[in-house]
Amino acid sequence: MNILSRTPDIVIDDADLLADEAKYCSFGDTVHYVDPPKIFRHAEGSYIYDSENIPFLDLQMWYSAVNFGYGNKRLNDRLKSQIDLLPQVASQYLHQGKIELAKTIAVDAKQKFGIDGRCHFNVGGAQAVEDSLKLVRNARGGKSLMFAFEGGYHGRTLGASSITSSYRYRRRFGHFGERAQFIPFPYPFRRPKGMTPEEYSDACVRQFERLFETEYNGVWDPKVGEAEYAAFYVEPIQGTGGYVIPPKNFFIDLKKVLDKYGILMVVDEIQMGFWRTGKLWSIEHFGVTPDVLVFGKALTNGLNPLSGIWAREELINPTIFPPGSTHSTFNSNPLGTALGLEVIQMGYELDYETKVAEKGKHFLDGLRDLQKRHKEIGDVDGLGLALRAEICTDDGFTPNKALLDRMVDIGLAGGLTHEGKKIGLVLDVGGWYKNVITFAPSLDISHDEIDLAIALLDQLLTLAKRG
């Protein structure tokens, strides 16, 4: 591909752009993972290209927002046709795309979960989390306390930060008096010695249920049968926490406790939704029915901001959650809803459930083979094309953030080689100790590209271990 054909008439060089960025841009809205920050110019499929036209195989796809690849023709064409038909309209008015998308998600949920529900839209994942907080507070008589998981991430707005376990997202912004109570999440690789993953899962649930044992455990009034907490926010697979996959029995056992004590389960599918794990929703793998489900990111393949929530009818019907309960100028916008409807139709038509499972197995097999050659890979795991590799010291267990940082730097330098040509690798860093590669490749990644990814990771590890 000729880079000149894909750029504006006037191309400002990287050095000048970085100088302007240093002077005019707030650094508060981004994180510079390398120094100097990388500038990319165009993208296609599983690759993004820098100013030298070096391809970078992207294994994180905009934090799982671009599930269907850069420049997906079907989705791009849908966006272009909607621009020419109804590009924008105030959210106080109706249009066909909003209603069709809401119906599609609600009917799909009825088929899977057996209950009626409705959809409510916003523009970003954190904004949808904020809307869900209003929804559950309202449904539980104004109760504002929530449970969430250690290692969980739900966004960086003020409300979402209160249920995100990292204190560093709250530290400079005042006292969060309604901060969630954070509950241990079963982390199979780092489970206590002598326990199976299933036993560890059982122990985590028992530890949580103990909070309701007596009134003096702090969350339950047995005289009136009422909990102080409104909801439990869960990621079926922890995203920023390192793509930690709990044992299969965990959410079934946890939901029994929540139902017993009248606490709603809010499932955050912002990063794992839209076939990332091989299902439309990752919670489908775990055999429970959510009360509220939050989604965003890949709903539009990253082409236009749109997010939303699905909730049970009794929580979201117009009588209990009336018009104006939340509002955003750009919610349910025509471009986003048109893309969302196309994404869901395309996912089912092209059978991403089968394709993602097959590709995920191939990728995981490659990671396991790589693990045999590099003792610094302490753990690999995956569900569909949400995969993880935990980078450790040579004991295979102690977290090794420094080694992973070097890997990221080398990958973004664009100096790896493939068939005698330069190539780069885009990785995402996650995990409780920031030592986990969280893989979220395009769902359209080919088997050959998966093999290339494994080969490049082999190069990367070898180079990074040399220092």
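**View 1. V266 meets its partner in strand 11.** V266 has V292 of strand 11 as its bridge partner. Strands here are DSSP runs of E with at least two residues, and helices are runs of H or I with at least four, numbered from the N terminus. Strand 10 (residues 264-268) runs parallel to strand 11, and 3 bridges join them. Two strands count as paired if DSSP finds at least two bridges between them. This is a predicted model, where local features need pLDDT of at least 70, side-chain atom pairs count only at pLDDT 80 or more, and totals for chains, interfaces and linings use all residues. Residues are numbered from 1 along each chain as its sequence is written, and side-chain values use heavy atoms, leaving out hydrogens and water.

**View 2. Strand 11 (residues 292-295) is covered on both faces.** Look for V292 and V294 on one side, with L293 and F295 on the other; all are buried (under 20% relative accessible area, with exposed over 50% and partly exposed in between; 1.4 Å probe, protein chains only). Next door, strand 12 (residues 307-312) pairs with strand 11 in the antiparallel sense over 4 bridges. F295 has G308 of strand 12 as its bridge partner.

**View 3. Seven strands line up in an open sheet.** Their order is 4-12-11-10-9-5-6, and the pairing is mixed. Strand 4 (117-122) and strand 6 (181-183) are the edge strands, each pairing on one side only.

**View 4. Strand 5 (residues 145-149) lies parallel to strand 9 (residues 229-234).** This pair is joined over 4 bridges. Here F147 has F232 of strand 9 as its bridge partner.
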